[in-house]
Structures are given as structure tokens and as C-alpha cells.
Amino acid sequence: MYPILILIVVLIVYALAYIFYGKKVLERRVVKADASKPTPAVSKFDGVDYVPANKYVLYGHHFASIAGAGPITGPALALNWGWGLPLIWVLFGNVFIGAVHDYLAIMSSVRHGGISVMSVSESTMGRRARYIFLAYSWFALVLVLAAFLSVASSTFVSTPSAATVAVFYMPLALFFGVLVYRAGVNIKTATVIALILEVALIFLSYNTKLVLPYETWVLILTLYGFIAASLPVWYLLQPRDYLNAYLLWGFVALAIVVPLAIPVIGLTGPLITSFTAKGTTIGAISGTPPAGWDIAWFWPTVPLTIACGALSGFHSLVGSGTTSKQLANELDALLVGYGGMLTEGAVSSLAVILPAAIVWDFSAFAANAGLTVNALTNAGINITATPNILKLGGVPRFTTSYGLVQALVWSRIMGVENFPTLYKGFSTFAAWTLSAFVLTTLDTANRLARFAWMEMFDWVKNRNVSFHKLLTNRWVASLIPILIGAVMAYPQIPDPVNPGRNIYAYQVIWPAFAGTNQLLAAIALLTEALWVYAVLKVRGRVSYLIMIPAAFLWFTVTAALFVWLIYIVPYLPTLYIGTTGLIVAVSLGLDILLITLFVRALRQAPRA
């Protein structure tokens, strides 16, 4: 297997899926999208949440919002099974679950006035389902906040210049928003101005490092997430995501250059290492008993590692939470929703899995690339202590492999003597991109948690107007979820195997976040499948094409979460048993209630 063959397979799969499944089946036969129908962004315009956006700006916002740490960190952790199994899961998940789920979440929301997918469930499963779904989603978002606060803070500690880039982006995004939405500057002109400033800031950031402790970054990002989630979308979130998207597209474009520039270099990683990995793959702390157990079966536990990349329930909340309220035309949804998911899949397959497959065994990679071992040593890679990619943590696996393949490609133009410098530059760029992915998701997740909270307590309004006003105040509703997330993200856990070193919180939280997120996807897709069947009256093979993958995902993730609860949770620190473990246990209870309501609604649907 060569890199160029993987690139060709990925591009062909995505092109066929977009044209034949996305456009011809979902857009034309299932939803029957109509450009003449006014969208909620137009009919309910309020200047705060309902704001029609240019489809390319919205695509940038949607892609940047959905592409958090999941499509990068998850596949990197899943390399414990080899590179082939994660790649197959990503492609299968993209085509048959993730992209379908994202597109239908946007369109079902649009057809119901821009409400969340949780509220859409009321039209198919009844009012009780709506509140159960809202509660489940809110808990899932709290875990997203906890995981991403920790990932972003740990990235800023390991790569301080990534923090500088993130801080510089804030005033730039505000400036862009004022140019477009207040000064009336043409979007193309504003984009050119902003991109020139963006490039200048990136160069300035390379040698400007913001060095702060991990805990301080958790507090700063908590404050940022709280404020950003409360401001109008045009003020910071929409322009920042749009500008970040250019950084992310550049990152993906560079990833595609690799298989074109070194098309037949040998892969040094195994297609499959084993179908069963150690418990550390699904969150067991090193030194505890489950860390050495063979309990991470690829099926069903793969959703506990690959949180996004293949599919993600968080996308349904973004799609029906912020994206549907900004969609100017129903025909824009295919590019934004379906195309956005495939772009995220390209990040996982081409920017994470493929580079890791190339550099997996560092000595073999050096031999294949015509490099000396000294070249790697000068780049800071000790192949004696770290002979292969599996000896690194999730985030370093990504930054190291991305940096190495980019350095190899560009050193063939700029000279092999520049390999160490190029490696340092591109691995830093990878860290910048990861932090950009995480921050765009962080504030969107808190905004969505606010939406879910406000919808969850709408019944209070009829009983006590004053209390309802306080409870659903946007500042109050934004503060509660991110504070709970910060409690889980703040501590560092002493490493029992390496005394004196600590484990970042996200390494413990990740399987819980990933599992509840994937289960959310299953519940959302089942809701959308029911909406297609009962409301749009679509019958036959097309409805099965949506329903069967949704049911498969539900069985897979439910089983995986029970594995995690039974084998991993009893050995976690008390804080995480009482927070992360409890949230997952409650979520599984809500999940069972929802599936009961789903089955009842499905049985009643033919008579409706």
C-alpha cells in the first residue's frame, strides 16, 4: 500500500458519496430541498442568533465548529489497533452515518423553524422525548467542555506559541465582524484584509510564546468560553470560525500534498496490530489493573476513541443549534452539512492516519526517506527511547507524524540540512491547528449548552415568569455548564507509573466524552430517521438506508459505554467516578428511555 493509493480511495469515496447519496438521494428524494422556501434565518431574523449568512462563510463556521479535537486526537489514539481499522471506520462512518446525520439535522431543524434536533423529536416521539433528549444533550455537552478545556490547555502548555495565535485571533475576528456586518465592507475585500493580517500574526506568533501553567489556562479558557457563548453570533463566533477555516483548509491542503509529493514511499505501520488492545486505549490509567487487561475490543469500543472524524452527535447540535439559524437557502445545506462532515473525515484520514502510517517506525521511515538517524535526532526524536509512534501520547502522535512528513516533503525542495528546522515549524503548525479546532468548538459547545438549558426549562415560564427569566438568562445559562466542565478539566492526576509526572484530565475524560457523543449521534440519527419516515413519508429502501446504520450505531455505542462503566470507572479517582462516571450512567438511563419512546413511535407511525 502506498500513500497515493490511500488518497485516491479517500477522494473517490467522498466524491461518489456527495454526488450520489448526498445530492441525488438525500437532497432530491428525501428532503426535496426548495430554494424558494424562506429559512428561519430570514423569517425569524433577530440580529443575535437568527442571521442569514453567505454559504461559504457558513460552511467555514460550521466546519470550524464541528471539527474540534475529536477528528485528530481520536484517530491518533485509535492507532493502537493499527492504521487500517481506524481508516475503514472513518470512511464507513462518514458516508453512511456522519454526513447523513449532519445534513438531516440541519434540514429537520430548518423545516421546524430553526429549533434543535431535541425539540424536533417532540414532533415524532412526543413531548416527554423532547425533555429527555434535551437533558441527555446537555450532559453530553458538559463532557465536551471538560475534554476540550483540558486538551486546549495542555496544547498551550506544550506549544506556547499556539496560545499566542489563539489570543491574536480574537481582536482580528472582532475586526472582521465589524467590517462585514457593521461597516458594510464587501465579504471578499474584508476576507483579503483579514487574511493578510492573519498571515502577519502567525509569523509574529512563531517567536512570541505565552507561557502559563496548565491550571491558569483552564481558568482563562473557562472565562473565554463563558463570554463568547453569550455574545451575538456575528460579534465573535461567526467571523472567528470563518477566518479559522482558512487556517484549517491550509492544514488539509498541506496534508493532501504529502501523498502527491511522495506517492510511493513505503508505509512503516501495520494495517492491523490486533483487534484487541489494552485498557489504556479506552481510558484506563497506567498502573491500574485495567490498563493491562485486553478489554479494548475494536468492536464495540472504537467509538470511545474516535469521537469525531467518522461521525459525531455534537454535529447535530451545531447543525440544528447555530447553523440552521444562519442558513440563507435550503440548497446551501448540502455543502454546509454533508460537505462539512466529509471535510472533517479528510482531516482524520489524510492529516492524522496517513502521516502516522508513513512514519510509524521511525528507523524504517528514516531508511525509506533517505534520511540519517542523526537527522531525526537533530529534530528532537530519540529513536532509542521512542522507536515508534505508539510510544507517544495521542496529541504528540499527531504533531510528530504531521511534522515529519511535511518536513520530508519540503526538505526535498529546500535542502535536507533544513529538515530539523522544517520539522519544528510544521509540528508547531500542527499544534496551532489543533488549538484552533478546539477553541472554535469550545465556545460553540457552550452556546449550544445554553440553548439546551433554555429549552429544557421553558415549562417554568407558565408557572413563574420571574424565575424563568433568571434561570434562562443567557449569562446564567452560559455559566453553569462551563463551570462544571472546568471542575473536571482543572485537576492533573499523579501518574502512578512515572512519579513526579501528571496525567492531563482529558486522558481520563476522553472515552466518556467520546462515547456519549457517539451515542448522541445514534439518538439524533434515529430521530431524523423517524422524521423522514413519519413526517416526510419516505418509505422503502431509502428509509432503511438511514434507519439500519442508526440502529447499528446505537447497539455499538451502548455496548461500549457499558464496557467502560464496568471495567474502567471503578479504578478512576473519586472525582471522576462522581462526575464523569455519574454523567455517563445517567446518560445511559436517559438513552434507554429514549429508545423505548422511539420504538413506540415507530410502531405507531404507519397509522399516523
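Pro300 sits in helix H12, which covers residues 298-301. The bond leading into Pro300 is a good place to begin a tour: Trp299 and Pro300 are joined by a cis peptide bond, with omega at about 20°. Most peptide bonds are trans, and most residues other than glycine have a negative phi.

Before going further, a word on what you are looking at. This is a predicted model, in which local features need pLDDT of at least 70 and side-chain atom pairs count only at pLDDT 80 or more, while totals for chains, interfaces and linings use all residues. Residues are numbered from 1 along each chain as its sequence is written, and side-chain values use heavy atoms, with hydrogens and water left out.

Now for the whole protein. It contains 23 helices and four strands; here helices (H or I, at least four residues) and strands (E, at least two) are DSSP runs, numbered from the N terminus. The radius of gyration is 23 Å, close to the 25 Å that the globule rule gives for 608 residues, so the protein is as compact as a globular protein of that length. That radius is taken over C-alpha atoms, and the globule rule is 2.2 Å times the number of residues to the power 0.38. Along its principal axes, the C-alpha trace spans about 70 × 55 × 45 Å.

How much of the protein is buried? Of the 608 residues, 63% are buried, where buried means under 20% relative accessible area, exposed means over 50%, and partly exposed lies in between (1.4 Å probe, protein chains only). The protein exposes about 21500 Å², and carbon and sulfur atoms supply 67% of that area. These areas come from the Shrake-Rupley method with a 1.4 Å probe; for residues, only the protein chains shown count as cover.

Contacts also tell us about the fold. Among contacts (heavy atoms within 4.5 Å) with a separation of 6 or more, 84% are between residues 24 or more positions apart. As for charge, there are 35 positive and 21 negative side chains, and the centres of the two sets lie 7 Å apart. Lys and Arg count as positive and Asp and Glu as negative, with His and the chain ends not counted; each charge is placed at NZ of Lys, CZ of Arg, CG of Asp or CD of Glu.

Let us now follow the chain from its start. Helix H1, residues 3-31, bends by about 35° at Gly22. The bend at a residue is the angle between axes fitted to the seven residues ending there and the seven starting there. Just after H1 comes Lys32, with a positive phi of about 55°. Lys32 lies in the loop between H1 and helix H2 (40-43), and is exposed, with a relative accessible area of 55%. Another lysine with a positive phi, near 60°, is Lys537. Lys537 belongs to the loop between helix H21 (506-535) and helix H22 (541-567), and at 46% relative accessibility it counts as partly exposed.

Next, look inside. Asn94 is part of helix H5, residues 84-111, and is buried, with a relative accessible area of 0%. Which residues does Asn94 touch? Leaving aside neighbours within four places in sequence, its contacts include Tyr14, Gly309, Ala310, Met341, Leu342 and Gly345. Tyr14 is 80 residues away from Asn94 along the chain, yet their C-alpha atoms are separated by 8.5 Å.

Ala505 offers another buried spot, again with a relative accessible area of 0%. This residue is in the loop between strand E4 (502-503) and H21. Apart from neighbours within four places in sequence, Ala505 is in contact with Ser150, Tyr214, Met488, Ala489, Pro491 and Tyr576. Ile413, by contrast, is 92 residues from Ala505 along the chain, and their C-alpha atoms are 41 Å apart.

Two more stops complete the tour. Glu215 is in helix H10, residues 214-230, and is partly exposed, with a relative accessible area of 24%. Outside its neighbours within four places in sequence, Glu215 is in contact with Tyr490 and Gln492. The C-alpha atoms of Glu215 and Val157, 58 residues apart along the chain, are separated by 9.9 Å. Finally, Thr472 lies in the loop between helix H19 (465-471) and helix H20 (474-489). Thr472 is buried, with a relative accessible area of 10%, and touches Met454 and Phe457, not counting residues up to four places away in sequence.
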